[in-house]
Amino acid sequence: MRVLITGAAGFLGSHLTDRFLAEGHEVIGLDNFLTGSADNIAHLIGHERFTFIRHNISSYTYVPGALDGVLHFASPASPVDYLEMPIQTLKVGSLGTHNALGLAMAKGARFLLASTSEVYGDPAEHPQRETYWGHVNPVGPRGVYDEAKRFAEAMTMAYHTHHGVDTRIVRIFNTYGPRMRPNDGRVVTNFVVQALTGQPITVYGDGTQTRSFCYVDDEVEGLYRLFLHQGPGVEQPTNVGNPDEYTVGELAELVRELTGSEAPVEYRPLPTDDPRQRRPDITRARTMLGWEPTVHVRQGLQRTIDYFKSLADTGRLTTRAQRETVTTR
């Protein structure tokens, strides 16, 4: 196949690109480096089946030649990013999705939308099934991301029902692993970087809120299977995440243990509209795709810690505090 992956220089997009290339496909990667990094795809430069286009999918997009698939993974995806870039987040969820869908329709290509568990908001249902409509504050600070993805899902379904585009929607739950940006503000990167640099580990709220953490290799396997799958109902949203649930406090202690850190834990106020619980029901992915995660969080965290240690060894471990200092200048 010949596929286009938007957000190809991002955390998930770059791993997905690697997977398609490993399976023998041709990949056109598209990214404007708003939150992606050239380092994530540097190993692909010169690859005979990889082409990179630096471009913003929220503007008019043209890709020459045939395409068998368009996988839309471009978007700021951490609270720090979409709170700092609310307009860009809304644009890539709306205009970017529209452009990517239009390209898929013009090429007769299959379309996969990277949606998110954030469409469930602060859920009143636990665990969250795909049939749950969500509990989202559209005008809260997180609404720019939540509603951008909810709109993107609606747009994708409209192109499927009205134009007959072959579509897939994946709702991605917390995913972690190598190539995450050390200053992206997500809970795993925050804890690991703070532990490695001897900073206090910051827990927002009382630490009893829960999350479910899926290692990137497991996530990519689910994404790849969903893209390839054909059958009735495949156009409906599918949760892909790890149903093992941990409190944020438990994660902090596990990171301290695996890093050997004695950094203290500091508690700070819970951000507005921060979900109290987050856990996927993956019955659909299990039955339709034969997929479920296999990497235990302890094993995945160790691999992630090793990656961040390698960044520290080469002087590339920029902390959140350092990023804020640079930004204010």
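Select T259 in this predicted model. T259 belongs to helix 7 and is buried, its relative accessible area being 17%, which falls under the 20% limit for that class. Show its side chain: a polar atom there lies 3.4 Å from the backbone nitrogen of S261. Leaving aside residues up to four places away in sequence, T259 touches A195, L196 and I305.

Stay in helix 7 (residues 248-259) and select E257. E257 forms a salt bridge with R298, and the closest N and O atoms are 2.8 Å apart. This pair joins distant parts of the chain, since R298 sits in helix 9 (residues 297-313), 41 residues away from E257. Is R298 buried or exposed? R298 falls in between: with a relative accessible area of 37%, R298 is partly exposed.

**Salt bridges elsewhere**

The model has 22 salt bridges in total. Next, select R142 and E118, whose closest N and O atoms are 3.1 Å apart in another salt bridge. Both residues are in the loop between strand 5 (110-116) and helix 4 (143-163), so the salt bridge ties together parts that are 24 residues apart in sequence. R142 and E118 are both buried.

Now select D274 and R211, where a salt bridge again has an N to O distance of 3.1 Å. D274 is in the loop between strand 13 (265-268) and helix 8 (283-289), while R211 is in strand 9 (residues 210-212), so this pair ties together parts that are 63 residues apart in sequence. D274 is buried at 13% relative accessibility, and R211 is buried as well, with a relative accessible area of 9%.

Add R278 to the selection and keep the two pairs visible. Which residues form the network? Salt bridges link E118, R142, R211, D274 and R278.

**Aromatic pairs**

Switch to the aromatic side chains, among which there are eight pairs. Select F20 and Y224: their ring centres are 5.1 Å apart and the planes stand at 75°, so the arrangement is edge-to-face. F20 is in helix 1 and Y224 in helix 6 (residues 216-228), which places the two 204 residues apart in the chain. F20 is buried with a relative accessible area of 0%, and Y224 is buried too, at 7%.

Another pair to select is Y176 and Y215, with ring centres 5.6 Å apart and planes at 65°, so these rings are also edge-to-face. Y176 lies in strand 7 (residues 175-176) and Y215 in strand 10 (residues 214-215), distant parts of the chain with the two positions 39 residues apart. Y176 and Y215 are both buried.

Return to F20 and Y224 and add F227: ring pairs join these three residues into a cluster.

**Strand 1 and its neighbours**

From F20, follow helix 1 (residues 11-22), which makes a right-handed β-α-β unit with strand 1 and strand 2. Select strand 1 (residues 2-6): five of its five residues are buried, so the strand is largely enclosed by the rest of the structure. R2, L4 and T6 point one way, whereas V3 and I5 point the other way.

Which strands pair with strand 1? Strand 2 (residues 26-31) pairs with strand 1 in the parallel sense over five bridges, and V27 of strand 2 is the bridge partner of V3. Strand 4 (residues 69-72) is also parallel to strand 1, and this pairing has four bridges. End the tour at L4, which stands opposite V70 in strand 4.

Note on methods. Residues numbered from 1 in each chain as written. Predicted model: local features only at pLDDT ≥ 70, side-chain atom pairs only at ≥ 80, totals over all residues. Heavy atoms only, no water. Buried < 20%, exposed > 50% of the residue type's maximum accessible area, 1.4 Å probe, protein only. Pairing = 2+ DSSP bridges. Right-handed = clockwise from strand over helix to strand, strands pointing away. Salt bridge = Lys/Arg side-chain N within 4 Å of Asp/Glu carboxyl O. Polar contact = N/O pair within 3.5 Å; in protein donor to acceptor, adjacent residues only side chain to side chain. Contact = heavy atoms within 4.5 Å. Phe/Tyr/Trp six-rings, centres within 6.5 Å; stacked < 30°, edge-to-face > 60°.
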